[in-house]
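Biologist: I've got a chain here that I'd like to talk through with you. Can we put it up and take the questions one at a time?

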Amino acid sequence: MTSGTDDLIVRRLASLNDPAPDSSRTDRVRTRCHRVLDNRRRQRTSPKRRSPVSRVLDATCFLLAGIYLAGAVGEAVRLGGLW
């Protein structure tokens, strides 16, 4: 009984189509992937314009950090007795 079932399975497997994808589908997928990769590359290489608010915020943080550092160094010098 199993040999008849095996023969049926083998015949059905032999009648299956080739598993290779259709060439037009392959072209569509390749084109879509290239488009996505090009968009990502352009986004990565294009210069990003920062808003004036973010520039002011960065400058303010830098200024505050500089003032804090100057105070810390002044305090260390004062405590170290070098002044």
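Biologist: Let's start with D38 and R41: in helix α2, about how many helical turns separate them?

Modeller: Keep in mind that this is a predicted model. The side chains of D38 and R41 meet in a salt bridge, at 3.8 Å from N to O. That sits inside the cut-off, since a pair has to be within 4 Å to count. The two residues are 3 apart in helix α2, so the separation comes to about one helical turn.

Biologist: Is D38 buried, partly exposed or exposed?

Modeller: Buried would need under 20% relative accessible area, and exposed would need over 50%. Its partner R41 has 41%, so R41 lands in between. D38 comes in at 32%, which makes it partly exposed.

Biologist: Which residue does R30 meet in a salt bridge?

Modeller: Look for a partner about one helical turn away in helix α2, which covers residues 23-45. R30 itself is partly exposed, with a relative accessible area of 44%, and the partner is partly exposed too, at 42%. The N to O distance is 3.2 Å, and the residue on the other side is D27.

Biologist: And what is the N to O distance between R50 and D58?

Modeller: Both ends of this pair are partly exposed: R50 has a relative accessible area of 44% and D58 has 41%. Their side chains meet in a salt bridge, and the cut-off for that is 4 Å. For R50 and D58 the N to O value is 2.0 Å.

Biologist: How many salt bridges does the structure hold?

Modeller: We've been through R30 with D27, D38 with R41, and R50 with D58. Those are among the pairs in the total, and the structure's full count is 4.

Biologist: Which residues gather in the patch of positive charge on the surface?

Modeller: One member is R28, found in helix α2. R28 is exposed, because its relative accessible area is 53% and the bar is over 50%. The patch as a whole is made up of R25, R28, R32 and R35.

Biologist: How far apart are the mean positions of the positive and negative charges?

Modeller: The chain has 16 positive and 8 negative charges. Take the mean position of each set, and the two lie 12 Å apart.

Biologist: What about the nonpolar patch on the surface: how much accessible area do its residues have together?

Modeller: The patch is formed by I9, L13 and L16. L16 is in the loop between α1 (2-14) and α2, and L16 is exposed, with a relative accessible area of 58%. Put together, the accessible area of I9, L13 and L16 is about 320 Å².

Biologist: Now the whole chain. What is its radius of gyration?

Modeller: The secondary structure comes to 3 helices and 0 strands, in the pattern α-α-α along the sequence. For 83 residues the globule rule gives 12 Å, and the chain is well over that, so it is more spread out than a compact globule. The C-alpha trace spans about 100 × 35 × 20 Å along its principal axes. The radius of gyration is 35 Å.

Biologist: Last one: what percentage of the residues count as buried?

Modeller: The accessible surface of the chain is about 8,200 Å², with 63% of it belonging to carbon and sulfur atoms. To count as buried, a residue must have under 20% relative accessible area. Of the 83 residues, the share that makes it is 0%.

Terms used
Residues numbered from 1 in each chain as written. Predicted model: local features only at pLDDT ≥ 70, side-chain atom pairs only at ≥ 80, totals over all residues. Heavy atoms only, no water. Helix = DSSP H or I, 4+ residues; strand = E, 2+ residues; numbered from the N terminus. Buried < 20%, exposed > 50% of the residue type's maximum accessible area, 1.4 Å probe, protein only. Patch = residues over 30% accessible without salt bridge, like charges linked within 9 Å, V, L, I, M, F, W, Y side chains within 5 Å. Areas by Shrake-Rupley, 256 points an atom, 1.4 Å probe, with all protein chains shown as cover. Lys, Arg positive; Asp, Glu negative; His and termini not counted. Charge placed at Lys NZ, Arg CZ, Asp CG, Glu CD. Rg over C-alpha atoms; globule rule 2.2 N^0.38 Å.
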